[in-house]
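Take a moment to turn the model around on your screen before reading on. We'll go through it piece by piece, starting with one helix and moving outward from there.

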Amino acid sequence: MRTLSALLLASIILITSFSGCLFSEDDVKEEPLPELRMNHVQAKGSHNSYHMRPLGSDYLSNYNYTHAPLAEQAEQFGVRQFELDVWYIPGVGLRVYHNLYDSRTTCVAFTDCLNDLKNWSDENPSHIPLWILIEPKDLDWIVDGIDLFAEIESDIDSVWPQERRVEPDDVRGERATLRRAVTENGWPLLDDVRGKAAFALIDKDGIRDAYLERHDGLINATMFAIVDQEHPAAALISWTQPISKQDVLKNAVESGFIVRTRPDSDTVEAEEGNYTRFEAALTSGAHMISTDFPGNDETIDYAIWIPDGPVRCNPLIAPMGCTSALLESL
């Protein structure tokens, strides 16, 4: 019996050793990483990103919120989309604030705001592209008189070099229009645009149209522009109501556009502690969910956090194998 047991043990040892020769580490094939693109993400944005609660905010409830400085939003609260309102002051330049009675801001000059984000980007070069949305607040006739677009583009150039930006031409490639590029070819590979910023003009009236006249089809343009989904220059779509526009948002995401929406407005959802609109924003697949409450305002028990964030795989279009860590791991 002892002899038989010894023989069995020896056989097991030989088989185990021999199998190690048959199957080496090279024979174990790893699953290929998914091909991730710039639009395979979902991330938090901040609305009026520079904003500070105005004096007398108890009587201006719509404006009763305060943001942290821009770099702090990116570092501590996972914000990857920012919105800056710009005003031109003769002899001074572009300044960032909401309006005359709501003018407190964390960064006064447009270039100060850009530098704050650029410095953070320099320290975190593997971040997904930041979207910086710019809304000119001046009247059309003032814009015509000063060439506001030249002022905006010059300030951007002075802070963010072109090689660190994603511009319409980069996305269009050989396609005739931006719309055809994003719906047929797709957005750039994520690894090719890490550490960069994309700028967009979010004005929807005459100022936007003037920019499109200046850069027909957004050729040689610094900024993207929000236009109708059927417009040849369409790439970035914005609908602020994720509940009533749920189907529209989903269609835009699945068609290849990058989409922005808002989970709250005028502090209504924050005061109610109501996350219904946020849940709709998540399920819509919108890439940028732009809130007044990204998590820093300790005066109210309401904040928006992206599940598995700060950046997660887009629930509608991200490929199999996508993980938040593959998108961004700072």
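**A walk through the model**

Let's start at helix H12, which covers residues 276-284: Arg 277, Phe 278, Ala 280, Ala 281, Leu 282 and Ser 284 are all buried there. Keep in mind as you look that this is a predicted model. What sits over those buried residues of H12? The cover includes strand S1, helix H10 (246-255), strand S9 (258-261), helix H11 (268-272), strand S10 and strand S11. A general point about helices helps when you look at a list like the one for this helix: an α-helix has 3.6 residues a turn, so residues three or four places apart point the same way. Just past the end of H12 comes Gly 285, with a positive phi of about 85°.

Now step back for the whole chain. How many helices and strands does the protein chain have? There are 13 helices and 11 strands. The chain runs to 330 residues, and 51% of them count as buried. If you take the contacts with a separation of 6 or more, 71% of them are between residues 24 or more positions apart. As for the outside, the chain exposes about 15,900 Å², with carbon and sulfur atoms supplying 52% of that area.

Next, try helix H2, residues 70-77. Its buried residues are Leu 70, Ala 71, Gln 73, Ala 74 and Phe 77. Among the elements covering them are S1, S2 and helix H3 (110-123). S1 turned up earlier too, in the cover of H12. Right after H2, Gly 78 takes a positive phi of about 70°.

From there, let's look for empty space inside. Rolling a probe the size of a water molecule over the atoms shows where empty space is left. In this model, that gives 1 cavity of 30 Å³ or more. The space in the largest cavity comes to about 110 Å³. Which elements give two or more residues to its lining? They are strand S1 (41-46) and strand S2 (79-89). S1 brings the largest share, with 4 residues. The lining has 13 residues in total, and the ones nearest the centre of the cavity are Val 41, Ile 128, Pro 129, Trp 131 and Met 288. Sorted by class, the lining is made up of 8 nonpolar, 3 polar and 2 charged residues.

One residue to pick out in strand S2 is Gln 81. Is Gln 81 buried or exposed? Its relative accessible area is 1%, and the cut-off for buried is under 20%, so Gln 81 is buried. Leaving aside residues up to four places away in sequence, Gln 81 touches Lys 44, Gly 45, Ser 46, Ser 49, Trp 131, Leu 133, Arg 260, Met 288 and Ser 290. You may recognise Trp 131 and Met 288 from the list of residues nearest the cavity centre. With Ser 290, Gln 81 also has a side-chain to side-chain polar contact of 3.4 Å.

Another buried spot is Asp 102, in the loop between strand S3 (93-96) and H3. Asp 102 has a relative accessible area of 0%. What does the side chain of Asp 102 make a polar contact with? It pairs with the side chain of His 98, at 2.7 Å. Beyond four places in sequence, Asp 102 touches His 51, Met 52, Pro 54 and Tyr 63. His 51 is 51 residues away along the chain, yet the C-alpha atoms of Asp 102 and His 51 are separated by 8.5 Å.

Last, a few backbone details. Asn 48 has a positive phi of about 45°, although it isn't a glycine. You'll find Asn 48 in the loop between S1 and H2, where it is buried at a relative accessible area of 2%. Asp 308 is another residue other than glycine with a positive phi, near 60°. Asp 308 belongs to the loop between S10 and S11. Where does Asp 308 fall, buried or exposed? Its relative accessibility is 60%, and exposed means over 50%, so Asp 308 counts as exposed. Stay in that loop, between strand S10 (288-291) and strand S11 (311-313), and you'll meet Pro 310. The peptide bond leading from Gly 309 to Pro 310 is cis, with omega near 15°.

Note on methods: Residues numbered from 1 in each chain as written. Predicted model: local features only at pLDDT ≥ 70, side-chain atom pairs only at ≥ 80, totals over all residues. Heavy atoms only, no water. 1 Å grid on protein atoms, 1.4 Å probe; cavity = no way out; pocket = protein on both sides within 12 Å on 5 of 7 lines; lining within 4 Å. Points joined across faces, edges and corners; volume = space filled by probe spheres on them. Nonpolar A, V, L, I, M, F, W, Y, C, P; charged D, E, K, R; others polar. Buried < 20%, exposed > 50% of the residue type's maximum accessible area, 1.4 Å probe, protein only. Contact = heavy atoms within 4.5 Å. Areas by Shrake-Rupley, 256 points an atom, 1.4 Å probe, with all protein chains shown as cover. Polar contact = N/O pair within 3.5 Å; in protein donor to acceptor, adjacent residues only side chain to side chain.
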